[in-house]
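Visitor: I would like a close look at one part of this model, namely the sheet and whatever is packed or bound around it. Please take the strands in turn and say what lies beside them.

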Amino acid sequence: MQLKVLKDIMAANTATAEANRARLDANGILGVNIMASPGSGKTTFILGTIDSLGQDARVGVIEGDLASSVDAEKVAQKNVPVVQINTGGGCHLDANQINAGLDNLPLEALDIILIENVGNLVCPSEFKLGEHKRVVILSVPEGDDKPYKYPGMFATADIIIISKIDILPYFDFDLENFKKAVSGLNPGVLIFPLSARTGEGFDVWTDWLKSQALRQGK
Ligand code: MG
Ligand code: ZN
């Protein structure tokens with residue numbers, strides 16, 4: 001019985017995710033679901049992405065958080081449309097919440113929507129939101145062995161961002177080990193190392209993002 005309930009919940013979520021995606025497609029918007037553990041720099045990554053894109057793309061943001069709106073306030077300072085979703089303790093975003101978020105964004109005036117998922121490397125990967133691309137951020141202090149510990153997250157990513165590379169000299173993070181771990185789970189996944197502090201690597205990431213938005217474009 002328990003299993004049946006869970007299956008029904010997942011099926012309903014997937015159906016809503018498909019509707020969200022159709023809505024993004026109809027508006028020529030690229031949807032990006034950004035997942036990571038707490039403290040890996042999701043919000044900072046979003047702020048850096050907005051800066052790096054500049055006038056080249058119109059960005060909207062959906063901010064998922066357990067509580068508070070501090071991240072949404074930071075994003076709003078960049079003068080981009082942002083919607084805050086508080087999950088009230090829920091450990092992931094679901095497609096219904098994204099549907100409500102889309103209701104509150106000016107879809108006709110956007111090229112890209114960045115969705116900051118709740119900080120958690122486990123269940124966010126199980127819930128489709130309607131996104132076109134899945135980004136997983138891993139920060140250098142978390143260690144190069146994380147793909148072995150959270151295979152579901154790394155196996156379903158389209159892009160892996162290695163954040164905080166400016167502190168690589170101070171940590172035993174072996175980039176080659178990391179790539180080896182990832183390639184076993186997810187051959188062909190794109191890996192972009194970058195640093196929000198120095199700005200290194202952001203141009204490579206946002207050039208790729210722009211190319212994807214153009215393909216999706218209005
Ligand atoms: Mg955040
Ligand atoms: Zn969860």
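Guide: What follows goes through the sheet from one edge to the other, and then turns to the core, the metal sites and one buried side chain.

The model is a predicted one, and every value below is computed from its atoms. The sheet is open and is formed by 7 strands in the order 3-2-4-1-5-6-7, with parallel pairing. Strand 3 and strand 7, the latter covering residues 190–193, are the edge strands, each of them pairing on one side only. On average, and with direction ignored, neighbouring strands of this sheet are turned by 20° against each other.

At one edge, strand 3 is joined to strand 2 by 5 bridges, and the two run parallel. Within this pair, glutamate 63 stands opposite glutamine 84 of strand 3. Strand 3 has two unlike faces: Val83 and Ile85 make up the covered one, whereas Val82, Gln84 and Asn86 make up the uncovered one. In general, the side chains of a regular strand alternate between the two faces of the sheet. The connection between these strands includes helix 3, residues 70–76, which together with strand 2 and strand 3 makes a right-handed β-α-β unit.

On its other side, strand 2 pairs with strand 4 in the parallel sense, again over 5 bridges, and here the bridge partner of valine 59 is isoleucine 112 in strand 4. Isoleucine 112 also has a wide set of contacts beyond its sequence neighbours of up to four places, among them Ile29, Leu30, Val32, Leu53, Leu209 and Ala213.

Towards the other edge, strand 5 and strand 6 pair in the parallel sense over 5 bridges, with isoleucine 159 of strand 6 as the bridge partner of valine 135. Strand 6 is mostly covered, in that 5 of its 5 residues are buried. Ile159, Ile161 and Ser163 point one way from strand 6, Ile160 and Ile162 point the other way, and all are buried. Strand 6 is joined in turn to strand 7 by 4 bridges, and these strands run parallel; the bridge partner of isoleucine 162 is proline 193 in strand 7. Between them the chain passes from strand 6 through helix 7 to strand 7, in a β-α-β crossover that is right-handed.

Two helices lie across these strands. Helix 7, residues 175–185, lies across strand 5, strand 6 and strand 7 and runs at about 160° to strand 6, while helix 8 lies across strand 1, strand 4, strand 5, strand 6 and strand 7 and runs at about 140° to strand 1.

The largest nonpolar core has 27 residues, of which Phe45, Ile112, Val135, Ile161 and Trp205 touch the most other members. Among the elements that each supply at least two residues of this core are strand 1 (30–35), helix 2 (42–53), strand 5 (133–139) and helix 8 (202–216).

Two metal ions are bound. The magnesium ion (ligand 1) is coordinated at 2.0 to 2.1 Å by Thr43 through OG1, Asp71 through OD and Glu116 through OE. Threonine 43, in helix 2, and glutamate 116, in strand 4, are 73 residues apart, and this pair links distant parts of the chain. Threonine 43 counts as buried because its relative accessibility is 9%, and glutamate 116, at 3%, counts as buried too.

The zinc ion (ligand 2) is coordinated at 2.0 to 2.2 Å by Cys91 (SG), His92 (ND1) and Cys123 (SG). Histidine 92 lies in the loop between strand 3 and helix 4, and cysteine 123 in the loop between strand 4 and strand 5, so this pair ties together parts that are 31 residues apart in sequence. Histidine 92 is buried, with a relative accessible area of 18%, and cysteine 123 is buried as well, with 16%.

Lastly, methionine 153 is found in helix 6, residues 151–155, and counts as buried because its relative accessibility is 1%. Leaving aside neighbours within four places in sequence, methionine 153 is in contact with Met35, Asn120, Leu121, Val122, Pro124, Ser125 and Val136. Methionine 153 and glycine 143 are 10 residues apart in sequence, and their C-alpha atoms are 15 Å apart in space.

Notes
Residues are numbered from 1 along each chain as its sequence is written. Chains are lettered from A and ligands numbered from 1 in the order in which they are written. This is a predicted model: local features need pLDDT of at least 70, side-chain atom pairs count only at pLDDT 80 or more; totals for chains, interfaces and linings use all residues. Side-chain values use heavy atoms; hydrogens and water are left out. A nonpolar core is a set of buried Ala, Val, Leu, Ile, Met, Phe, Trp, Tyr and Cys residues joined through side-chain atoms within 4.5 Å. Buried means under 20% relative accessible area, exposed over 50%, partly exposed in between (1.4 Å probe, protein chains only). Contact means heavy atoms within 4.5 Å. Donors are N, O and S atoms within 2.8 Å of the metal (3.2 Å for Na, K and Ca); water is not among the atoms, so sites may look incomplete. Two strands pair if DSSP finds at least two bridges between them. A crossover is right-handed if, with the strands pointing away from the viewer, the path from the first strand over the helix to the second runs clockwise. Axes are lines fitted to C-alpha atoms, for helices over the stretch in contact, and angles run from 0 to 180 degrees between N-to-C directions.
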